[in-house]
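Work through the exercises below with the model open beside you. Try each task before you read its solution.

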Amino acid sequence: MGAEEIIYSCHLDHPRPGANDNASGCVAILEAARTLKTLVSQGLLPNPRRTLRFLWPPEIEGSLMYLTSLADTAHIKSNVHLDMVGGDSVTKSISRISAGPMSLPSFVADLGHEIGHFVNQQTERHASGLAVPYPLVSREGSWNAYMALMEGIDLGSDHEVFNNSSFSIPGINVHDWPDRYIHTNFDTAARIDPTKLKRAAFIGALQGWILANFDETNVEPALGLLRRNAFKRAGALDGKRDDFTAQQWAAVTDVHWQVERAKVRSIAQFAAVSDAQMGPHMAFIDELGNLIETTPSRDGGNEGPVYRRNRAIKGPMSVFDYDYMDAHLPSRQRVKLRLGYTESYEALNLVNGERTVSDIHHWLMAEFGPLAREDLADYLDALNHIDVILK
C-alpha cells in the first residue's frame, strides 16, 4: 500500500438506539473493509496502490480533530462517507449519493454517481423480475429497487469537514434522508433493511477500491465519463436560464464551464494526463459552451474586496452545539446575517485570495440559484471582523 490514502468515514456516536443513525454506516464500512481485506488475502484482488483507511469518529468534531492533528493532508486523495444507509420502507427514507460542493469540483463525484446509477439499474431490473448479474439483495432483506437520488452538496455529517477548504478533500456521501425516526427511540434494528446495507457497502467498497488503484489506464474511461456527464449538465444548465437576468446568466454560465474544466484537471491528482488526452476534452467543453447562448456582459465581476482564508482557523464554522461565529461575533451583528447555512458554508470555501465578493456571488448563484449579493457581502464582512478571513 502507498503513502497516499483514501479515507472511509462514518460516525460512531448518536442518540440511542441509533440503528440507522449511524450504526448502519459503521457496519457498512466495516463490511467494506472486511470484504476487501478478504479478497486481497485470498489473492482475488491485488494489494491496493493507495492505502485504505477506515475511521469511526464522533460526528464532525472527531473528523475535524483527526484532520487538524495531521501536519499535512495532501496525501488524503478522497473521502468515502456513509451516514444512515439502512432505513427500511417504514422509515420513509430516500437513499442519496451526494457529490459534494461545487467549490471542490472533482471527477470523484462523477464516479460515485456512476456507481450509484449502476446499482439503481441492476436492482430495478432485478425487482422487475429480470435476470441481472448484480441483484445485490440479502436473504434477510427486501427485493426493492435501490432508486438512490444523485445530488450535489448536502451537509450535516463528517464529509463537510473533509470538503471544507481547510482540507479540500473530495468525496461522496452515501446516506438516507429523511428518516422519520431519526434521533428517537424508534431508530432500532427492526427498521433496518439488510439489502440496503449490502448495497451501501458495495457502493462504498467499489468507490474506494477504484480510487485506491486509479492510474493511467483509467484516464480515458474517466474522461469519457466526464464527457457524457458534461452533456447532461449542459442540458440542466440551459433549463435554468429563465431564473436569471441576462447579466447574471453570463456570470453563471462562466462558472459552470470553470467547474467542468476543473473536473477534467482533477484527474491529474490521481494519474498523469497527457496533453493529447487533455486537449481534446478541453476543446469539447469549449464547443459545448458555445451552444449555450449568453450575453458578453458580466454582472460586476470585479466588485468587492478580495479575501483570503486565515489558515490558523480550520474547518466549518459550526459543529452541532458549537458555532464559531456565535462565540466570537457580537450578537447585534450576528442577528443581521441572512445568508443560509449551506450558502454560508460554500461562501467560506470559495474565499481563496483571488475571487472578489462578486465572483463568489456568481459561484453561489451557479450552485443555488439567485440570491442577494448584499447577504453574501454582510456574511463575508462578519467573517473578516473576527479574522476568519483576511483582506
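The exercises cover helix packing, single buried residues and unusual backbone geometry.

**Ground rules**

This is a predicted model, in which local features need pLDDT of at least 70 and side-chain atom pairs count only at pLDDT 80 or more, while totals for chains, interfaces and linings use all residues. Residues are numbered from 1 along each chain as its sequence is written, and side-chain values use heavy atoms, with hydrogens and water left out.

Helices (H or I, at least four residues) and strands (E, at least two) are DSSP runs, numbered from the N terminus.

**Exercise 1. Describe how α3 packs on α5.**

Step 1: find the pair. Helix α3 covers residues 107-127 and helix α5 covers residues 194-212.

Step 2: read the geometry. Two packed helices are described by the angle between their axes and the distance between the axes. Axes are lines fitted to C-alpha atoms, for helices over the stretch in contact; angles run from 0 to 180 degrees between N-to-C directions. The axes of α3 and α5 come within 10 Å and cross at roughly 140 degrees.

Step 3: classify the angle. Under 35 degrees is roughly parallel, over 145 roughly antiparallel, 65 to 115 roughly perpendicular, and the rest oblique. α3 and α5 are therefore oblique to each other.

Step 4: give the hand. A crossing is left-handed if the near helix is turned anticlockwise from the far one by less than a right angle, and right-handed if clockwise. The crossing of α3 and α5 is right-handed.

Step 5: list the contact (heavy atoms within 4.5 Å). From α3 come F107, V108, L111, G112, I115, F118, V119 and T123. From α5 come R199, F202, I203, L206, Q207, I210 and L211.

Step 6: sort the residues. Ala, Val, Leu, Ile, Met, Phe, Trp, Tyr, Cys and Pro count as nonpolar; Asp, Glu, Lys and Arg as charged; the others, Gly among them, as polar. The contact of α3 with α5 has 11 nonpolar, 3 polar and 1 charged.

**Exercise 2. Do the same for α1 and α5.**

Step 1: the axes of α1 and α5 come within 8 Å and cross at roughly 55 degrees. That makes α1 oblique to α5.

Step 2: the crossing of α1 and α5 is right-handed.

Step 3: α1 supplies S24, V27, A28, E31, A32, L36 and V40. α5 supplies L197, A201, A205 and W209.

Step 4: the contact of α1 with α5 divides into 9 nonpolar, 1 polar and 1 charged.

**Exercise 3. Check the span of α13 and find what covers its buried residues.**

Step 1: α13 runs over residues 373-385, which is 13 residues. The expected span is 1.5 Å times one less than the number of residues. α13 reaches 18 Å from its first C-alpha to its last, close to the 18 Å expected.

Step 2: pick out the buried residues (under 20% relative accessible area; exposed is over 50%, partly exposed in between; 1.4 Å probe, protein chains only). In α13 they are D375, L376, Y379, L380, A382, L383 and N384.

Step 3: name the partners. These residues pack against α9 (324-328), α10 (331-334), α11 (341-350), α12 (357-368) and β10 (389-390).

Step 4: look just past the helix. D387 takes a positive phi of about 65 degrees.

**Exercise 4. Place S95 and H126, and list their contacts beyond four places in sequence.**

Step 1: S95 is in strand β4. At 6% relative accessibility, S95 counts as buried. S95 touches Y146, M147, A148, L149, H175, D176 and K196.

Step 2: H126 is in helix α3. H126 is buried too, at 14% relative accessible area. H126 touches V132, P135, V137 and W143.

**Exercise 5. Locate the cis peptide bonds at P17 and N22, then the positive phi values of K92 and L136.**

Step 1: the bond from R16 to P17 is cis, with omega near 0 degrees. P17 sits in the loop between β1 (2-9) and α1 (19-41).

Step 2: a cis bond joins D21 and N22, with omega about 5 degrees. N22 is in helix α1.

Step 3: phi of K92 is near 65 degrees. K92 lies in the loop between β3 (76-83) and β4 (95-98). K92 counts as exposed at 55% relative accessibility.

Step 4: phi of L136 is about 55 degrees. L136 lies in the loop between α3 and β5 (149-151). L136 is buried, at 9%.
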